[in-house]
Structure formats: C-alpha cells, structure tokens
Amino acid sequence: MTDVTDMLVDSRQVLTFILAEEEYAVDILRVQEIRGWSAVTRIPNAPDYMKGVLNLRGAIIPVIDLRLRFGFGARAYDQTTVIVVVWVNSGDRQRSIGLVVDAVAETYAISNDEMSPAPLMGAGVEPDFIEGLATLDEKMIILLNLDYLLNSGDLALDESGSE
C-alpha cells in the first residue's frame, strides 16, 4: 500500500489555463493570485506581448500576454480573460509577473509517472520553456518552465536586477 506522504512527493499540483484552445499548466505553488482582466499602464517601446504594468497592492508588476509571447496572435479580451500572477525566480531574486491567458481551466495533481520530457523539436524550435508534458483526461497538458520563459529575451534582468 502506498503511503500518503509518498504520493505527495511523487506528484505535483498544477493550475491549468487555456491559450489558443490548448491547455497549459504552471505549478500551483508559483501562483500568487488570479484576477480578472483589468486595464494596465502601457510602457513605451515595450515588445507587443508586454501589455504594461499593474499596481498589485503597492507592487508594480509587468503583465505579459502569453498568446502574443507564444506567437499565437491577438484575441479580444472578454469575461473569461484573466491575469494569473506568478512567482518567477530570476537569479537570486524572486519577482511577480502577470500572465494574461484566455481562461483558467482546472487544477490537477500530476504524478511523476504521468510526466514526459519535452520532445526534441529540431532547428528553430526552442522547447526549453517546456518543463514537461502530461496526458490527463485524454488531453495533452504542457507544463511551463516559468523561470526560463520569463527570464529570456526582453524579459531578462540585467546583473543589477533591473529589467
């Protein structure tokens, strides 16, 4: 018989959300909060996927549209559009970033046995932002590596800790 403690160590809780009709997941321990879409303050010369910044109880956080970050194209925001505020490790710091997603889906406990590594994709496709893939309820869920995804390219912090 499997001990409950063993089950907790061998699985992880994830929050899933929808982007362009696909389901993505982040570790639930990285989720700070989920909020409905609200207007943000635009930042001049920012990449198109950086929607702006949001004042979250006195902390100014960047807000990223994941559809645009992944190259899926824009979609009008509606009543299901939410901002998932997540914790991201950036070197020796931790920071909050808001992710605009089409809708929140489910929470799941995914066992290590259900996880597969990201496939090798070939030239021009960089799978480093994928931590793993899981098949649950007959659908494929992509678990995102937030630290890689939100610390690469225009989102990387310089050595002084500024963006």
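The secondary structure of this chain comes to three helices and 11 strands, where helices (H or I, at least four residues) and strands (E, at least two) are DSSP runs numbered from the N terminus. The model is predicted, so local features need pLDDT of at least 70 and side-chain atom pairs count only at pLDDT 80 or more, while totals for chains, interfaces and linings use all residues. Residues are numbered from 1 along each chain as its sequence is written, and side-chain values use heavy atoms, with hydrogens and water left out.

**Exercise 1. The chain as a whole**

Task: Find the order in which the elements run from the N terminus on, and state what percentage of the residues count as buried.

Solution:
- Step 1. Walk along the chain from the N terminus, and the elements read α-β-β-β-β-β-α-β-β-β-β-β-β-α.
- Step 2. Turn to burial (buried means under 20% relative accessible area, exposed over 50%, partly exposed in between, with a 1.4 Å probe and protein chains only). Of the 163 residues, 40% count as buried.
- Step 3. Now look at the surface: the chain exposes about 9,200 Å², and carbon and sulfur atoms supply 51% of that area. Accessible areas here come from the Shrake-Rupley method with a 1.4 Å probe; for residues, only the protein chains shown count as cover.
- Step 4. Finish with contacts, meaning heavy atoms within 4.5 Å. Among those between residues at least 6 apart in sequence, 55% join residues at least 24 apart.

**Exercise 2. The sheet of five strands**

Task: Work out the strand order of the open sheet of five strands, and name its edge strands.

Solution:
- Step 1. Use the pairing rule: two strands pair if DSSP finds at least two bridges between them.
- Step 2. Read across the sheet to get β3-β6-β7-β5-β4, with mixed pairing.
- Step 3. The edges are β3 (31-36) and β4 (50-56), each of which pairs on one side only.
- Step 4. On average, neighbouring strands of this sheet are turned by 30 degrees against each other, direction ignored. For such angles, axes are lines fitted to C-alpha atoms, for helices over the stretch in contact, and angles run from 0 to 180 degrees between N-to-C directions.
- Step 5. Zoom in on β6 (residues 82-90) and β7 (residues 93-101): nine bridges pair them in the antiparallel sense. Val 84 has Leu 99 of β7 opposite it.

**Exercise 3. The sheet of six strands**

Task: Place β10 in its sheet, then follow its bridges to β9 and to β11.

Solution:
- Step 1. The open sheet has the order β8-β1-β2-β11-β10-β9, and its pairing is mixed.
- Step 2. Its edges are β8 and β9; each has a single partner strand, so one side of each is left without a neighbour in the sheet.
- Step 3. Five of the seven residues of β10 (residues 130-136) are buried, so this strand is mostly covered.
- Step 4. Toward β9 (residues 115-116), β10 pairs in the antiparallel sense over two bridges. Met 115 stands opposite Ala 134, and Ser 116 has Leu 133 as its bridge partner.
- Step 5. Toward β11 (residues 139-144), six bridges join the antiparallel pair. Here Leu 133 is partnered by Ile 142.
- Step 6. β10 and β11 form a hairpin with two residues between them, and Asp 137 in the turn has a positive phi of about 50 degrees.

**Exercise 4. Salt bridges**

Task: Examine the pair Arg 57 and Glu 33, then trace the network that includes Arg 67.

Solution:
- Step 1. Side chains of opposite charge can pair when their charged atoms come close. The test used is a side-chain nitrogen of Lys or Arg within 4 Å of a carboxyl oxygen of Asp or Glu. A search of the whole structure finds nine salt bridges.
- Step 2. Arg 57 and Glu 33 meet at 2.5 Å, N to O. Arg 57 lies in the loop between β4 and β5 (59-65) and Glu 33 in β3, so the pair ties together parts 24 residues apart in sequence.
- Step 3. Compare their surroundings: Arg 57 is exposed at 64% relative accessible area, whereas Glu 33 is buried at 17%.
- Step 4. In the salt bridge of Arg 67 with Asp 102, the closest N and O atoms are 2.8 Å apart. Arg 67 lies in helix α2 (residues 66-69) and Asp 102 in the loop between β7 and β8 (103-111), so this pair ties together parts 35 residues apart in sequence.
- Step 5. Arg 67 counts as buried at 11% relative accessibility, and Asp 102 counts as buried at 8%.
- Step 6. Asp 78 and Arg 75 form a salt bridge with their closest N and O atoms 2.9 Å apart. Asp 78 is partly exposed at 31%, and Arg 75 is partly exposed at 28%.
- Step 7. Put the pieces together: Arg 67, Arg 75, Asp 78 and Asp 102 are linked in a network of salt bridges.
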